[in-house]
Amino acid sequence: MSLACYAVQSNTTLGRVHSEPVEPTQSGRNPFQRDRDRIIHSTAFRRLEYKTQVFLNHEGDHFRNRLTHSLEVAQIGRAVARRLQLNEDLVEAISLAHDLGHTPFGHAGQDALNECMKEHGGFEHNLQSLWVVDFLEERYAKWDGLNLSYETREGILKHCSAKNAQTLGLLGQRFINGMQPSLEAQLANLADEIAYNNHDIDDGIRSGLLTIEQMDEVALWRDQKDIVQRSFPGLSGRRMVYEVVRHIIHVLVDDLVKETQQRIKAANPLSVDDVRKEKSLVAFSGPMREQATEMKRFLFKNLYRHPQVNEMTKNASEMIVALFNHFEKYPQDVPSDFRPKDEIYRRISHYIAGMTDRYANKEFQKLITK
Ligand code: MG
């Protein structure tokens, strides 16, 4: 299918830091398919399986982890990209890589590591994801990192502080002058939101931390549940939850496509450069934005701050802080071949951020509770 003029075109990519020969166009992969393949083969990608999304990895076999979350983001992103004639391969690459820099133990781990790093440059998980693909993966003879295309790296760096942006050259520019990334990057960001809001409802109910009755507080849920119950009177339990969640994803995606089409029509961008100068064009409509935000707030209050989740958050934070303090005191316990030239605090931060939940647990048991 041909791409729209405002999509990122594979043959006009801004390229890689280290130039590489292109694959023959007839049989070869385009640059973003190559990026996606490199991401899938990376060590950091495999580690996502053992990193917490919301529920700890060992709490149940059916909860999302960062790997299955990333796959759901890619699936939603690709489906929307096709409808908007955007570059599906690029959206897929960004989606699969967007959480590579996450610490163990979800947001609790990230906040704790950021706190530990406060005096030493801080910890930002988006920037960490970029560092993973830019230099922490060691797979090539000639360079560090995966040498991904500019547009994939642009999408991975969703947020960045102004201070760090100044160190990133062209890639950091938009955080300084308030410009947008490609539509593909904007889309991956919203696909992330659609994915986590919906799978967290599913996981929340499955875990028993949320009840179906409680969900009726949320307008999006209520409306779609009414529709499902009219179509299938008497449907209850898990099948009902799945039907409602599927309906919610569907209305969110539909709204996103329509609103984005309208914004594109009004702004009439003729190239990616035009897109970068506009306000964000991939968006929900006003009313849907409100409903999605209501759902997000509900999940924040009732799931992410649930006493049981808080308990896990507290333990996780303590573990990260203890590991950090340990490595600060005994830097020789950070593997010596691990970024030996970096300064010690950044080495510790990279090392802890790369850990899976269970590896962090194991290190904690081994080094601290001896
Ligand atoms: Mg995510």
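**A magnesium site and two helices**

H98 is buried (under 20% relative accessible area with a 1.4 Å probe, protein chains only; exposed is over 50%, partly exposed in between), and D99 is buried too. This is a predicted model, in which local features need pLDDT of at least 70, side-chain atom pairs count only at pLDDT 80 or more, and totals for chains, interfaces and linings use all residues. Residues are numbered from 1 along each chain as its sequence is written, and side-chain values use heavy atoms, with hydrogens and water left out.

H98 and D99 both bind the magnesium ion. H69 and D192 complete the list: NE2 atoms come from H69 and H98, OD atoms from D99 and D192, at 2.1 to 2.7 Å. Donors are N, O and S atoms within 2.8 Å of the metal (3.2 Å for Na, K and Ca); water is not among the atoms, so the site may look incomplete. Along the chain the donor spacing reads H-x28-H-D-x92-D.

Now take helix α3, residues 66–83. Helices are DSSP runs of H or I, at least four residues, numbered from the N terminus. N65 caps the N-terminal end of α3, with a side-chain oxygen 2.8 Å from the backbone nitrogen of L67. The buried residues of α3 include H69, V73 and I76. Among the elements covering them are α2 (43–47), α4 (88–97) and α10. Q85 follows α3, with a positive phi near 55 degrees.

Helix α10 covers residues 183–207. Of its 25 residues, 21 are buried. Its end C-alpha atoms are 35 Å apart, which agrees with the 36 Å expected at 1.5 Å a residue. That expected span is 1.5 Å times one less than the number of residues. G208 follows α10, and its phi is positive, near 85 degrees.

Terms used. Helix = DSSP H or I, 4+ residues; strand = E, 2+ residues; numbered from the N terminus. Contact = heavy atoms within 4.5 Å. Polar contact = N/O pair within 3.5 Å; in protein donor to acceptor, adjacent residues only side chain to side chain.
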